[in-house]
Amino acid sequence: MAQHGDAADLQPGEVITLGRTTLGIELGSTRIKAVLIGPDHAPLAVGSHDWENQFVDRLWTYSLDAVWTGVQQSVAALADDVRRRHGVELAGVGALGVSAMMHGYLAFDADGALLTPFRTWRNTNTGRAAERLSAEFGCNIPHRWSVAHLYQAILDGEEHVGRIDHLTTLAGYVHWQLTGEKVLGIGDASGMVPIDTSTVDRATGGYDATMLARFDELAAEAGVELTLAGLLPAIAVAGRPAGTLTEAGAALLDPTGRLRPGIPLCPPEGDAGTGMVATNSVAPRTGNVSAGTSIFAMVVLERQLGRAHRELDLVTTPAGDPVAMVHCNNGASELDAWAGLFAEFARALGAEVDPSRVFETLFTTALDGARDGGGMLAYNYLSGEPITGLEEGRPLFLRSPDSRLSLSTFMRTHLYSSLATLRIGMDVLQKTEGVRLDRMFAHGGLFRTEGVAQRFLAAAIDTPVSVGDVAAEGGAWGIAVLAAFATRPTPEQSLAEYLDTTVFAGTSLQTVEPDPADVEGFDAFMQRYVAALPVERAAVEHVGVGRRPGAEQTAETETTSAVQTEEQPA
């Protein structure tokens with residue numbers, strides 16, 4: 001990674017003391033992470049805080065108190081890491097960026113009070129709204145999009161709707177509190193309401209005006225008078241300034257006072273956008289797969305799609321280029337649960353094992369499993385899965401009577417299951433729409449064990465898949481890079497050029513070509529998987545969701561690991 005000017009002559013401690021650094025903070029689904037990078041974009045220090053969503057009143061949520069506790073603890077852990085690694089105190093930073101899980105619903109009144117608990121991307125109670133808006137807008141509006149949450153609240157007659165002054169995402173909320181600016185990066189904004197990429201003003205971005213007007217008409221038909229355009233954050237593309245850290249924001253971010261007001265911030269972005277940056281996948285015909293609690297693929301398009309598809313979302317890169325997104329609500333959490341079970345069994349035998357060793361052993365074993373899953377099937381649906389038409393999920397494992405229950409095939413089946421819904425969406429993109437890919441990057445905890453999930457993903461999408469050090473610190477590093485891009489010395493340089501020539505020059509990748517036998521095996525697995533989806537639907541219909549008395553249900557088991565996180569661990 002390239003240095004700028006005389007920065008190459010400075011030691012890391014000097015760079016930190018002089019404030020020639022950039023700080024990125026990302027609020028993922030299971031971890032809040034802070035990464036400090038230097039002028040060469042290499043990480044200098046990392047801090048993190050684990051958290052998890054709660055299932056309250058049949059909705060997935062995080063409290064805003066948990067947001068700030070986690071952010072502050074991540075920044076404090078980063079300051080400790082600076083001291084430990086470099087022997088200096090964190091004296092400030094040159095630029096700052098915030099990223100978070102996309103979509104969801106955060107509605108505030110005119111006094112800035114939250115009107116209803118944060119409804120995350122994971123909720124699938126918005127089916128009626130998503131279906132109606134998709135039909136009216138002529139494009140796919142997924143369950144998790146902010147506009148679907150708002151319209152569902154209108155359809156349900158929720159009292160708070162008439163008092164909404166401002167809607168935003170989690171990244172937008174944190175940025176607003178830090179700067180006072182109600183603004184979003186265009187990539188994150190594209191997961192609230194559709195963006196008109198054909199006429200987008202690259203200085204400010206733009207929501208689709210026709211769809212905004214139609215939404216207002218639909219709201220009026222339901223008895224609610226509002227102007228959606230007035231409720232949404234302003235839009236800024238990558239490279240534009242988006243405010244500075246206020247005194248109140250500095251106190252929220254770092255109560256110790258190490259980070260002083262006046263730090264410039266880049267536009268806040270969603271985790272999909274920072275994943276694109278972290279894998280150098282912002283140019284047309286490039287793409288990436290991010291696998292954690294959820295799993296999704298982002299493919300930058302050369303042209304508009306021929307028609308709307310329920311399996312594909314249309315969003316944008318942080319620079320405003322159109323992207324087809326295949327988003328699956330369920331990723332590696334069920335794998336994590338099974339790994340926890342095997343670890344518990346090992347402890348019962350008197351063997352204490354490192355969780356990373358458990359995953360490495362189980363994943364490596366899968367390489368010896370039957371290529372077609374050997375008659376086994378698994379559904380990793382802890383929550384609903386819109387791509388397969390399920391509003392709720394039930395984790396499920398089943399097998400034919402003649403299948404041989406071996407550990408290797410069992411694990412291959414569960415790894416296949418974590419990729420199966422993604423494959424359904426990618427088939428629409430690659431086979432129906434004929435979209436071509438020059439390169440696909442994979443990142444996230446699922447790919448931490450070398451050569452396993454990467455190989456299976458290559459088989460699933462019949463495309464070469466690369467992994468490497470380009471995404472070692474995940475989205476937190478990606479938003480730090482976007483903050484550095486906003487303060488670049490050559491403003492005319494595009495984001496794609498900046499990444500290619502300044503950030504990723506000299507990086508190495510490991511690429512796996514699809515094995516024809518694996519491709520054939522995954523195809524056979526998928527035929528059984530799709531054919532047996534009615535079994536999963538029956539499980540949803542006939543198996544209720546329990547709840548421990550006096551306890552809120554959480555998304556994960558007590559055993560957590562890097563596999564289910566959106567970013568790879570430090």
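Here is a short chat about how this predicted protein model is put together.

Me: Before we start, what kind of model is it, and what are the ground rules?
Reply: Residues count from 1 along each chain as its sequence is written, and side-chain values use heavy atoms, with hydrogens and water left out. Local features need pLDDT of at least 70, side-chain atom pairs count only at pLDDT 80 or more, and totals for chains, interfaces and linings use all residues, since the model is predicted.

Me: How many helices and strands does the protein have?
Reply: Helices (H or I, at least four residues) and strands (E, at least two) are DSSP runs, numbered from the N terminus. Counted that way, the secondary structure comes to 18 helices and 21 strands.

Me: What radius of gyration does the protein have, set against a compact globule?
Reply: The C-alpha atoms fill a box of roughly 65 × 60 × 50 Å along the principal axes. The radius is taken over C-alpha atoms, and the globule rule is 2.2 Å times the number of residues to the power 0.38. For 570 residues a compact globule would come out near 25 Å, and that agrees with the protein's 23 Å.

Me: What share of the residues counts as buried?
Reply: Buried means under 20% relative accessible area, exposed over 50%, and partly exposed in between, with a 1.4 Å probe and protein chains only. Across the 570 residues, the buried share is 60%.

Me: At what angle do α10 and α15 cross?
Reply: Two packed helices are described by the angle between their axes and the distance between the axes. Axes are lines fitted to C-alpha atoms, for helices over the stretch in contact, and angles run from 0 to 180 degrees between N-to-C directions. The axes of α10 (271-278) and α15 (474-486) come within 8 Å, and they cross at roughly 80°. That makes α10, relative to α15, roughly perpendicular (under 35 degrees is roughly parallel, over 145 roughly antiparallel, 65 to 115 roughly perpendicular, the rest oblique).

Me: Which α10 residues make the contact with α15?
Reply: Contact means heavy atoms within 4.5 Å. On the α15 side are Gly474, Gly475, Trp477, Gly478, Ile479, Val481 and Leu482, and on the α10 side they meet Thr274, Val277 and Ala278.

Me: Is α10 largely enclosed or open, and how many of its residues are buried?
Reply: The buried residues of α10 include Asp271, Met276 and Val277. The helix is largely enclosed by the rest of the structure, because the buried count is eight of eight.

Me: What comes just after α10, and what phi does asparagine 280 take?
Reply: Threonine 279 sits in the loop between α10 and β12 (286-291), and it is buried at a relative accessible area of 1%. Most residues other than glycine have a negative phi. Asparagine 280, just after α10, takes a positive phi of about 55°.

Me: Where is aspartate 57, and is it buried or exposed?
Reply: Aspartate 57 lies in the loop between β4 (54-56) and β5 (59-61), with a positive phi near 55°. Arginine 58 is in the loop between β4 and β5 too, with a positive phi of about 65°. At 66% relative accessibility, aspartate 57 counts as exposed.

Me: Which strands stand at the edges of the five-stranded sheet?
Reply: The open sheet runs β3-β2-β1-β6-β11 with mixed pairing, where two strands pair if DSSP finds at least two bridges between them. Next to β3, strand β2 (31-37) runs antiparallel and is joined to it by seven bridges. A single partner strand leaves one side without a neighbour in the sheet, so the edges are β3 (43-50) and β11 (269-270).

Me: Which residue of β15 is the bridge partner of methionine 298?
Reply: All seven of the seven residues of β15 (322-328) are buried, so the strand is largely enclosed by the rest of the structure. On one side, β14 (313-316) joins β15 antiparallel through four bridges, and β13 (295-300) pairs with β15 antiparallel over six bridges. The β15 partner of methionine 298 is methionine 325.
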